[in-house]
Amino acid sequence: MTAVAAVPVRLKADTTESVDTTESIVSGFRRTIETESFVIDSPWGFTALRPEWNALLRDSGSASPFLTWEWLHTWWRHLNDPSELRMLTVRAGADLIAVAPFRLTTGTAHLPCLEMLGTGDAGSDYLDIIVRSGWEAEALDAIEQFVQSQQTPLRLTHLGPSAVAEYLASRLVERGWAQTTTAGGTCPYIPLAGHSWESYLATLGSSHRANVRRRLRALEQKFTVTFARVATEGERRDALPILMRYHGRRFDAGGTAFATAPLRAFHDELTKRALDRGWLRMYVLRLDGAPAAVMYGFFYDGTFYFYQHGFDDRYQQHSIGLVLMALSIRAAIDEGAAEFDMLWGVEPYKFLWARDRRELRNIHLFPASLAGRVHRHLFHARAVLAARLRRARLLVGSHVP
């Protein structure tokens with residue numbers, strides 16, 4: 001691969017050297033092999049990684065649709081704001097063993113910082129650096145060296161419970177960097193392995209289970225109900241605008257999923273790419289042949305990811321949102337999904353279906369330099385101010401008659 005490179009970093013490790021993280025994620029010995037890292041700072045370089053990216057992702061412990069080339073490249077095309085690519089690739093010989101999908105942007109007080117691709121209103125959960133399983137030590141060596149060379153704060157956001165990026169953070173802390181960790185949100189999920197639809201229903205609360213059965217039965221008695229997966233480009237082009245329209249009617253200015261032209265362009269291109277790759281799961285629920293609701297999700301690496309949904313509010317009296325969720329979970333079970341991930345958000349309806357949850361984390365890292373200390377001070381000052389403003393709003397609201 002030809003790539004735009006800063007100074008390539010060659011690393012050779014002793015086979016007897018142990019991994020210098022507090023909690024090792026590497027078993028066995030390091031390999032005596034030369035690795036080389038390259039900074040990818042051009043869109044062309046990003047595009048050139050496509051043939052190798054997803055194979056690397058599937059051979060990592062971080063596989064999710066939000067780390068695919070399709071998701072992050074589409075995000076970069078439409079939602080990068082004013083920022084510069086600073087991705088790092090690490091190779092062992094010709095083999096790609098890691099990608100750190102970073103960009104250079106601005107943080108607190110418009111000071112520069114490194115950040116993960118995929119942040120912001122796109123709703124990317126489970127972000128991480130991507131490392132081929134078994135190569136963690138060599139990859140983290142190179143990524144740590146690169147981050148140290150930048151001497152700018154690093155934001156690692158929307159990390160899942162087993163993110164490799166946490167080990168990068170531990171290494172930097174050992175080098176004198178300061179770390180602040182904040183909550184990144186909650187992702188409810190449903191373990192489905194071994195379940196049929198009926199056995200899953202049996203895990204629900206009795207009143208909710210009865211309501212699901214009653215609503216499905218009532219809808220089928222009143223309408224001819226079809227629930228069909230979007231399988232062609234024409235069907236995708238028809239279904240996505242319907243979903244956007246339903247979502248816009250429901251949330252008005254309060255909804256962010258499709259609120260701007262760049263977000264709509266992102267989802268248009270992303271759903272086309274996901275359909276081509278075979279992991280788009282968009283379903284249209286029709287009543288007497290007319291669209292009534294749309295589910296927008298992904299089936300990736302054995303997990304169904306529930307991303308967005310929308311429905312025609314004229315059918316709200318029939319609990320159309322509940323029916324849509326029930327049919328989507330049933331479709332995931334029929335397809336052999338081991339899990340139904342409801343992604344970020346603690347809306348009460350999610351916990352009617354899911355009892356398990358994952359907590360996401362944000363890690364903010366500041367180098368031990370004057371600029372790093374200033375950035376950290378401003379970051380904490382802004383957090384304190386934001387907390388005080390929230391308390392003031394709550395206090396004012398409590399006194400409004």
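**Reading pockets and ring pairs**

Author: Let's open with one residue: Tyr283 is buried, with a relative accessible area of 6%. Keep in mind that this is a predicted model.

Reader: Why does Tyr283 count as buried?

Author: Buried means under 20% relative accessible area, and Tyr283 has 6%.

Reader: Thanks! Now, how do I look for empty space, and how much lies in the largest pocket?

Author: The general idea is to roll a probe the size of a water molecule over the atoms, which shows where empty space is left. Here, the largest pocket holds about 680 Å³ of space. Its lining is made of 24 residues, and Thr256, Tyr307, Gln308, Trp344 and Glu347 lie nearest the centre.

Reader: Which element gives the largest share of that lining?

Author: That is β14, with four residues. Both α8 (233-251) and β14 (303-311) supply at least two. By class, the lining of the largest pocket has nine nonpolar, ten polar and five charged residues.

Reader: And what about the second largest pocket?

Author: Its volume is about 330 Å³. Of the 20 residues lining the second largest pocket, Gly61, Ser62, Ala63, Tyr126 and Ser162 lie nearest its centre. The elements giving two or more residues to this lining are β14 and β15 (339-341). Its residues divide into eight nonpolar, seven polar and five charged.

Reader: How do I read a pair of aromatic rings, and how many pairs are there?

Author: A pair of rings is described by the distance of the centres and the angle of the planes. This structure holds 20 aromatic pairs. Take Phe66 and Tyr305: the ring centres are 6.0 Å apart and the planes stand at 85°, so the pair is edge-to-face. Phe66 is in the loop between α2 (50-58) and α3 (69-79), while Tyr305 is in strand β14, 239 residues apart. Phe66 is buried, at 0% relative accessible area, and Tyr305 is buried too, at 5%.

Reader: Which pair is stacked, then?

Author: Phe227 and Tyr283 form a stacked pair, 4.7 Å centre to centre with 10° between the planes. Phe227 lies in strand β11 and Tyr283 in strand β12, so the pair ties together parts 56 residues apart in sequence. Phe227 is partly exposed, with a relative accessible area of 23%.

Reader: Which rings have a charged end sitting over them?

Author: One of them is Tyr300, with the charged end of Arg58 sitting 4.4 Å from the ring centre. Another is Tyr189, where the charged end of Arg358 sits over the ring, 3.9 Å from its centre. Tyr300 also belongs to a cluster linked by ring pairs, with Phe66, Tyr305 and Tyr307 among its members.

Key. Residues numbered from 1 in each chain as written. Predicted model: local features only at pLDDT ≥ 70, side-chain atom pairs only at ≥ 80, totals over all residues. Heavy atoms only, no water. 1 Å grid on protein atoms, 1.4 Å probe; cavity = no way out; pocket = protein on both sides within 12 Å on 5 of 7 lines; lining within 4 Å. Points joined across faces, edges and corners; volume = space filled by probe spheres on them. Nonpolar A, V, L, I, M, F, W, Y, C, P; charged D, E, K, R; others polar. Phe/Tyr/Trp six-rings, centres within 6.5 Å; stacked < 30°, edge-to-face > 60°. Buried < 20%, exposed > 50% of the residue type's maximum accessible area, 1.4 Å probe, protein only. Lys NZ or Arg CZ within 6 Å of the ring centre and 35° of its normal.
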